[in-house]
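Open the structure in your viewer, keep the sequence beside it, and follow the stops below in order, making each selection before reading on.

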Amino acid sequence: MSQPSAPRKTINIKAITDPDNKVYPRSISGPFTTWRWIFVWLTQIVFYGLCWLPWHGRQAVLFDIDARKFYFFDLVLWPQDTIYLVLLMILGALALFLFTAVAGRLWCGYSCPQTVYTEIFLWFEKVIEGERPKRMKLDAEPWSARKLGIKTAKHSVWILFSLWTGITFVGYFMPIHELINDLVSLSPGAWSAFWVVFYAFATYGNAGFLRDQMCRQICPYARFQFVMFDPDTLIIAYDAKRGESRGPRAKNADSKAQGLGDCVDCGICVQVCPTGIDIRNGLQNECIGCAACIDACDQVMDKMNYPRGLIRYSTENAVTRHYSAMDILRRAVRPRVIIYAAILAALTLATAWSLATRIPLKVNILKDRSSLSREADDGSIENIYRLQIMNTGDQTRRFRITISGNDNLRLGSDEEITVAGGEIGIQSAIVRAESGSIPSGAMPLSFSVTDIADNHVAVTEKTKFWMP
């Protein structure tokens, strides 16, 4: 005769949060938490360190809006190279689509700035205010000198960290050393000061206060993520067949005899969730795929001597049809994934090839607008042109200017110009023709600008020669 089942413990979700529905994530350890912190460190080392990296006498990465030049190590991009920035955004979007189709919201759970800075702010909060129960107790108690001091210390650290984040962000758009000197001397430009404060305020507000609201209500990605999901997408999944019926029990109790599944209904999976959801209710758009609930549940399973994986990375089909790991891997290669991967690979290769074969030279030809043509002292007809020669590379080059299009056209003199890396050289060029040597009207003319030391770096631009 089976024993009567123990009364089911009801987890009061309201108790997980405060009366204002504030989420208090509980600290947890485990392999996925470790990976999350690895990505926090990697992303922040790159973000805070890259703007300080010197490169050939300048900043390695600098999006110089004033000079209208983007420096990325040896690569110098001009406004005419906007196509590469567009391609970069398209590649990022395609990569996001591909990763989401294969493994859900990996970006959200491990690398999204909202997740990264929320983790950092929560760490500050834990160090200053204590673990989850202490934070909840502190917020519930009336204001006192002690509470005011703790809250002041926490927000002071948050503000200082946010200001440094704002300074670093602006340091990618103006030289970081100049920005620091301006701030130290209290003489920053209006726009640089505005963006430092704006980005600092955004960091402070998003990571300190909005947190789960950003992921649950504001971020558009959460709204359309399910369009890219299918039953074979890797998600955080609760194995309801194994876990139900849930309920508390003694460690050595016979749960099967009590009619219970493996879930002990401890609620820790909810307590560790940064968005405050219960993953046992199924996949929800608030789930950011951080896997904190997996680490928490596995620890409980270890204590109860139950197999791990009650909550795990899996797919909808794998949970319902009991697929093996090889089955999951095999079904990951499906038409949607293949299409995303093929487009991403093709576009990546095309972009890489374009950058690798890109000629570090651009030429604009402007004809003198004051007169179409004029008569020179020797009776020949001359047209005046203004050449803008952009050395889009990182080394100084010396260029030779030649013309073609008609044997009766000649340059006024042999033209050469030296242009430093990442700079624009301006050169006036006079083209002459003997009177009557060519028909009246517009005559096709081409200017060729060639690097004297490297003939492969050459550009030819077409224009017109006007004969009266």
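Begin by selecting V157 together with F124 and I128, the residues with which V157 is in contact once its neighbours within four places in sequence are left aside, contact meaning heavy atoms within 4.5 Å. V157 lies in helix α7, residues 145-170, where helices (H or I, at least four residues) and strands (E, at least two) are DSSP runs numbered from the N terminus. With a relative accessible area of 29%, V157 is partly exposed, a class that falls between buried, under 20% relative accessible area, and exposed, over 50%, for a 1.4 Å probe and protein chains only. Now add E125, which is 32 residues from V157 in sequence but 9.3 Å from V157 in space, C-alpha to C-alpha.

Before going further, note that this is a predicted model, in which local features need pLDDT of at least 70 and side-chain atom pairs count only at pLDDT 80 or more, while totals for chains, interfaces and linings use all residues. Residues are numbered from 1 along each chain as its sequence is written, and side-chain values use heavy atoms, with hydrogens and water left out.

Next, select helix α5 (residues 113-129) and helix α9 (residues 190-218), which pack at an angle of about 115 degrees with their axes 9 Å apart; axes are lines fitted to C-alpha atoms, for helices over the stretch in contact, and angles run from 0 to 180 degrees between N-to-C directions. The two helices, α5 and α9, are therefore roughly perpendicular to each other, given that angles under 35 degrees count as roughly parallel, over 145 as roughly antiparallel, 65 to 115 as roughly perpendicular and the rest as oblique. To see where they meet, show Q114, Y117, T118, F121, L122 and E125 in α5, and T203, Y204, N206, A207, G208, R211, M214 and C215 in α9. By class, this contact of α5 with α9 has seven nonpolar, five polar and two charged residues, where Ala, Val, Leu, Ile, Met, Phe, Trp, Tyr, Cys and Pro count as nonpolar, Asp, Glu, Lys and Arg as charged, and the others, Gly among them, as polar.

Keep α5 on screen and bring in helix α2 (residues 31-50), which packs with α5 at an angle of about 105 degrees, their axes 10 Å apart. That makes α2 roughly perpendicular to α5. The residues to select are R36, W37, V40, T43, Q44, F47 and Y48 of α2, with T115, V116, Y117, E119, I120 and W123 of α5.

Which residues do ring pairs link into a cluster? Select F47, Y48, Y117, F121, W123, F124, W158, F161, Y172, Y204 and F209; rings of Phe, Tyr and Trp (its six-membered ring) pair if their centres lie within 6.5 Å, with planes under 30 degrees apart counted as stacked, over 60 as edge-to-face and the rest as tilted. By this rule the count comes to 27 aromatic pairs. For one pair, turn to F169 and F173, whose ring centres are 5.3 Å apart and whose planes stand at 55 degrees, so the pair is tilted.

For the last stops, select T351 in helix α16, residues 335-356, which counts as buried at 10% relative accessibility and touches L87 and L91, not counting residues up to four places away in sequence. Then move to S255, in the loop between α11 (240-243) and α12 (268-271). S255 counts as buried at 7% relative accessibility, and, leaving aside its neighbours within four places in sequence, S255 is in contact with R249, L260, G261 and Y306.
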